[in-house]
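Student: I've got a structure here and I'd like to talk it through with you. Can you pull it up?

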Amino acid sequence: MASEPTTVTITGAGGQIGYALLFRIAAGDMLGPDRPVRLRLLEIPQGMRAAEGAALELQDGAFPLLRDVDVTDDPLTAFDGTSIALLVGARPRGPGMERADLLAANAGIFGPQGAAIGAVAADDVRAVVVGNPANTNALIAAASADPSLPADRFSALTRLDHNRAVGQLAAALEVSPGDIADVIIWGNHSATQFPDVAHGILADGRSLLEALAERLGGSEAASAWLDDAFIPRVAKRGAEIIEVRGSSSVASAANAAIDHVRDEQLGTRRGWTSAAVVSRGEYGVPEGLVCSFPVISRGDGEGYRIVEGLDLDDRARRLLDASVAELAAERDAVRALGVL
Ligand code: NDP
């Protein structure tokens with residue numbers, strides 16, 4: 001077992017996703033069974049009691065990997081020496097709140113957090129934004145840490161969308177999710193995202209498109225299923241969970257955040273996954289936008305790398321462009337606020 005614990009900071013740690021995350025991280029689900037962790041829980045003053053309560057329960061878990069737990073409302077304390085930051089706490093959209101108000105409120109959270117990470121985090125820090133609007137919050141955090149920290153240390157979560165897509169395909173094809181590789185979520189973590197199966201393969205070597213056509217009675221039926229059932233269901237799955245469960249998709253969001261960090265730190269396994277990372281112009285996405293791409297990690301400390309060179313047909317291009325246009329509009333709205 002590595003003797004030096006890895007410092008992990010969770011913001012909004014007193015909230016629902018925080019509660020679902022903390023115990024799995026302490027149990028070793030994120031960094032593996034041989035890496036001890038030190039947890040730093042950041043909250044706003046109103047959330048401190050909830051985070052302190054979670055810290056008491058962490059103690060009661062008697063986790064062998066958990067070295068210590070600090071609860072604070074000061075970003076500089078929370079991010080001091082941290083190697084992994086999960087930025088979960090965000091300002092939810094209130095009744096009658098315009099998009100510009102939401103972006104402004106979140107800029108007031110993610111700007112100072114990015115600056116604090118740039119100022120005091122460990123040299124190897126990597127931060128993933130979970131709190132929505134996640135892509136643009138990551139853009140703000142990265143810009144606020146600049147130039148002290150490379151922007152590519154910040155990413156945003158689209159792994160839940162990716163996992164949802166894999167789950168839907170596994171059910172439709174009656175295979176295990178582990179048999180499905182190389183699905184892609186392109187674009188924004190929003191209803192404009194484009195879940196793309198054109199490059200996907202099954203463990204038996206068949207392409208996903210081939211397998212869907214066999215299962216659904218031809219390639220036209222497969223295309224109709226993808227456009228009319230699969231894509232809207234993945235994009236609107238959050239609303240479906242709220243309707244059925246009466247509460248948001250907290251556990252699957254926490255699970256996806258753990259998958260994102262684990263694969264980034266330890267390496268992706270078979271094929272690629274999806275994450276929103278800073279564009280350097282790949283696939284024509286304007287430089288600097290935090291956009292979801294197919295990514296791999298070698299687990300060598302370099303983080304996620306975009307898988308390049310995939311062909312996009314006209315339909316895919318159109319769907320990606322629409323989501324990228326939304327990301328650019330969010331960036332422009334933030335610029336108009338004078339944040340970037
Ligand atoms: P949750 O823990 O349920 O959600 C936190 C964020 O995750 C929200 O922005 C939410 O977006 C987002 N999210 C992303 N994916 C999902 C998903 N699949 N399902 C649900 N949420 C998702 O919120 P709580 O209100 O329970 O907790 C937030 C905590 O953050 C509070 O304790 C609050 O005090 C704290 N906070 C901390 C801050 C800080 O540390 N500086 C700043 C602001 C808040 P969406 O709103 O779109 O659902």
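Student: How far does H6 reach from its first C-alpha to its last?

Tutor: Keep in mind that this is a predicted model. H6 has 15 residues, and at 1.5 Å a residue the expected reach is 21 Å. The model comes out close to that, with an end-to-end C-alpha distance of 21 Å.

Student: Is H6 largely enclosed or open, and how many of its residues are buried?

Tutor: Buried here means under 20% relative accessible area. Among the residues of H6 that pass are Arg-159, Asp-161, His-162 and Leu-173. H6 is largely enclosed by the rest of the structure, because the buried count out of its 15 residues is 11.

Student: Which residue just after H6 takes a positive phi?

Tutor: Look right past the end of the helix. The phi there is about 55 degrees, and the residue is Glu-174.

Student: Moving to the ligand, which residue puts a side-chain N or O atom 2.9 Å from a ligand nitrogen?

Tutor: Start with the backbone contacts to ligand oxygens: Gly-15 has a polar backbone atom at 3.4 Å, and Gln-16 has a backbone N or O atom at 2.8 Å. The side-chain contact to a ligand nitrogen, at 2.9 Å, comes from Ser-249.

Student: And what share of the ligand's area does the protein bury?

Tutor: The shell around the ligand has 22 residues, with helices H1, H4 and H6 each giving two or more. By class, 9 are nonpolar, 11 polar and 2 charged. Taken alone the ligand exposes 910 Å², and the share of that buried by the protein is 76%.

Technical notes
Residues are numbered from 1 along each chain as its sequence is written. This is a predicted model: local features need pLDDT of at least 70, side-chain atom pairs count only at pLDDT 80 or more; totals for chains, interfaces and linings use all residues. Side-chain values use heavy atoms; hydrogens and water are left out. A residue is near a molecule or strand if one of its heavy atoms lies within 4 Å of it. A polar contact is a pair of N or O atoms within 3.5 Å; within protein, one must be able to donate a hydrogen and the other to accept it, and residues adjacent in sequence count only if both atoms are side-chain atoms. Accessible areas come from the Shrake-Rupley method with a 1.4 Å probe; for residues, only the protein chains shown count as cover. Helices (H or I, at least four residues) and strands (E, at least two) are DSSP runs, numbered from the N terminus. Ala, Val, Leu, Ile, Met, Phe, Trp, Tyr, Cys and Pro count as nonpolar, Asp, Glu, Lys and Arg as charged, and the others, Gly among them, as polar. The expected span of a helix is 1.5 Å times one less than its number of residues. Buried means under 20% relative accessible area, exposed over 50%, partly exposed in between (1.4 Å probe, protein chains only).
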